[in-house]
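Student: I'd like to learn how to read a structure like this one from the top down. Can we go through it together?

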Amino acid sequence: MKTAIVYSSNHGTTAKVARRIQQGLGEDKTRLFNLKNVRRIDLSPYERVLIGGSIHAGSVQKRVRKFMDTHFHELLEKPLGLFLCCMDEQRAESEFENAFPEALRFHAISRKIIGGEFLFEKMNIIEKAMVKKVAGVESSVSKINDHKIDELVEEMNHAMEDER
Ligand SMILES: Cc1cc2nc3c(=O)[nH]c(=O)nc-3n(C[C@H](O)[C@H](O)[C@H](O)COP(=O)(O)O)c2cc1C
C-alpha cells in the first residue's frame, strides 16, 4: 500500500510537515516528492496520494497547482489527502479553498490546515518586510499543529484499513 507525498515548500516548513506525515504513515510505505526537484511524477505505482503546499501572499505555489492540473483525472481515481501550511488563521479556510480545486477537495479523504512557521533566517529582505507589515511579526515563530498532522495520518490510515 504505497503512498506518494507530493509537496512544495519555500522555506522548508511544508517539507518538515511532509516528513512528519511520512513517519506517521511508515517510511517503507511512502515516498516523498519535492516538486522543486522532480520534473515528472509517475503516480501509477502509488495507491494513495497526499498533496501539500504553503501560502505566500495569498496563494499556494504554482508548482502545486500545475501538479494537480496535470494529474487531475488520475488524482480523482485514488484516495487523496490534502494539507496546507499557512499562518493567517482568519483567512486559512478561504486560502485552503483557493489552493485546491473543488473536485479534489470533495474527493479527498482528509483535508488539513496545519499552521506554519515564519522563519526570518530563510526570508529575503522583501519577504521580511512583507511579513513584518502584513502579519506584524518581527522574529521567527513556529505554529505547526502536530494534532492536525496526527489527524491526517489517522484518517489516511483508517481509509487504508477500510479498503483492505
Ligand atoms: C513572504 C511570505 C508571505 C506569506 N503570506 C501568507 C499569506 O498570505 N497567508 C498565510 O496564511 N500565510 C502566509 N505566509 C506564511 C506561510 O504560509 C508560512 O510561512 C509557511 O509555513 C511557509 O511554508 P514553507 O516554508 O513550506 O513554504 C507567508 C509567509 C511569507 C514568508
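The dialogue below goes from the whole chain to single residues.

Tutor: Sure. One thing up front: this is a predicted model. Let's start with the overall layout.

Student: How many helices and strands are there in the chain, and what pattern does the chain follow along the sequence?

Tutor: The chain has seven helices and seven strands. Read from start to end, the pattern is β-α-β-β-β-α-α-β-α-α-β-α-β-α. The radius of gyration is 15 Å, close to the 15 Å the globule rule gives for 164 residues, so the chain is as compact as a globular protein of that length. Along its principal axes, the C-alpha trace spans about 50 × 30 × 25 Å.

Student: What share of the residues is buried?

Tutor: Buried residues make up 33% of the 164 in the chain. Contacts are worth a look as well: among those between residues at least 6 apart in sequence, 77% join residues at least 24 apart.

Student: Now the strands. What should I look for in a strand such as S5?

Tutor: Here's the general idea: in a regular strand the side chains alternate between the two faces of the sheet. In S5, Leu 80, Leu 82 and Leu 84 point one way, while Gly 81, Phe 83 and Cys 85 point the other way. Both sets are buried. With six of its six residues buried, S5 (residues 80-85) is largely enclosed by the rest of the structure.

Student: Which strands pair with S5, and in what sense?

Tutor: S3 pairs with S5 in the parallel sense over six bridges, and S6 pairs with S5, also parallel, over five bridges. To find them on screen, take Leu 50, whose bridge partner in S5 is Gly 81. On the S6 side, Cys 85 has Gly 115 as its bridge partner.

Student: And S1, how enclosed is that one?

Tutor: Four of the five residues of S1 are buried, so S1 too is largely enclosed by the rest of the structure. S1 runs parallel to strand S2 (residues 30-34), joined by five bridges. One pair to pick out is Val 6 with its bridge partner Phe 33 in S2.

Student: How do I read a nonpolar core, and which residues have the most contacts inside the largest one?

Tutor: Think of the core as a network of buried nonpolar residues linked by C-beta atoms within 7 Å. The largest one here has 35 residues, and Val 6 and Ile 21 have the most contacts inside it. At least two residues each come from strand S1 (3-7), H1, S3, helix H2 (62-70), S5, S6 and helix H7 (146-163). S5 gives the most, with five residues. Setting aside neighbours within four places in sequence, Ile 21 is in contact with Ile 5, Leu 50, Ile 149, Leu 152 and Val 153.

Student: Which residues come nearest to the ligand?

Tutor: There are 24 residues around the ligand, and Thr 14, Ser 54, Cys 86, Asp 88 and Gly 116 come nearest. The elements giving two or more residues to this shell are helix H1 (13-25), strand S3 (48-56), strand S6 (110-118) and helix H6 (125-135). By type, the shell divides into nine nonpolar, ten polar and five charged residues.

Student: Take Ser 54, then: is it buried or exposed?

Tutor: Ser 54 is in strand S3. It has 28 other C-beta atoms within 10 Å, and the cut-off for buried is 20 or more, so Ser 54 is buried. Beyond its neighbours within four places in sequence, its contacts include Thr 14, Cys 86 and Gly 116.

Student: What does the opposite case look like?

Tutor: Try Ala 57, in the loop between S3 and strand S4 (59-60). Ala 57 has 7 C-beta neighbours inside 10 Å, so it counts as exposed. Its phi is near 50°, a positive value in a residue other than glycine.

Student: And H6, how covered is that helix?

Tutor: Hardly: the count of buried residues among its eleven is zero. Lys 132 lies in H6 and is partly exposed, with 15 other C-beta atoms within 10 Å. Leaving out neighbours within four places in sequence, Lys 132 is in contact with Val 137 and Glu 138. Just after H6, Gly 136 takes a positive phi of about 65°.

Definitions and conventions
Residues numbered from 1 in each chain as written. Predicted model: local features only at pLDDT ≥ 70, side-chain atom pairs only at ≥ 80, totals over all residues. Near = placed C-beta within 6 Å. Nonpolar A, V, L, I, M, F, W, Y, C, P; charged D, E, K, R; others polar. Buried ≥ 20, exposed ≤ 12 C-beta atoms within 10 Å, placed from the backbone. Pairing = 2+ DSSP bridges. Contact = placed C-beta atoms within 7 Å. Rg over C-alpha atoms; globule rule 2.2 N^0.38 Å.
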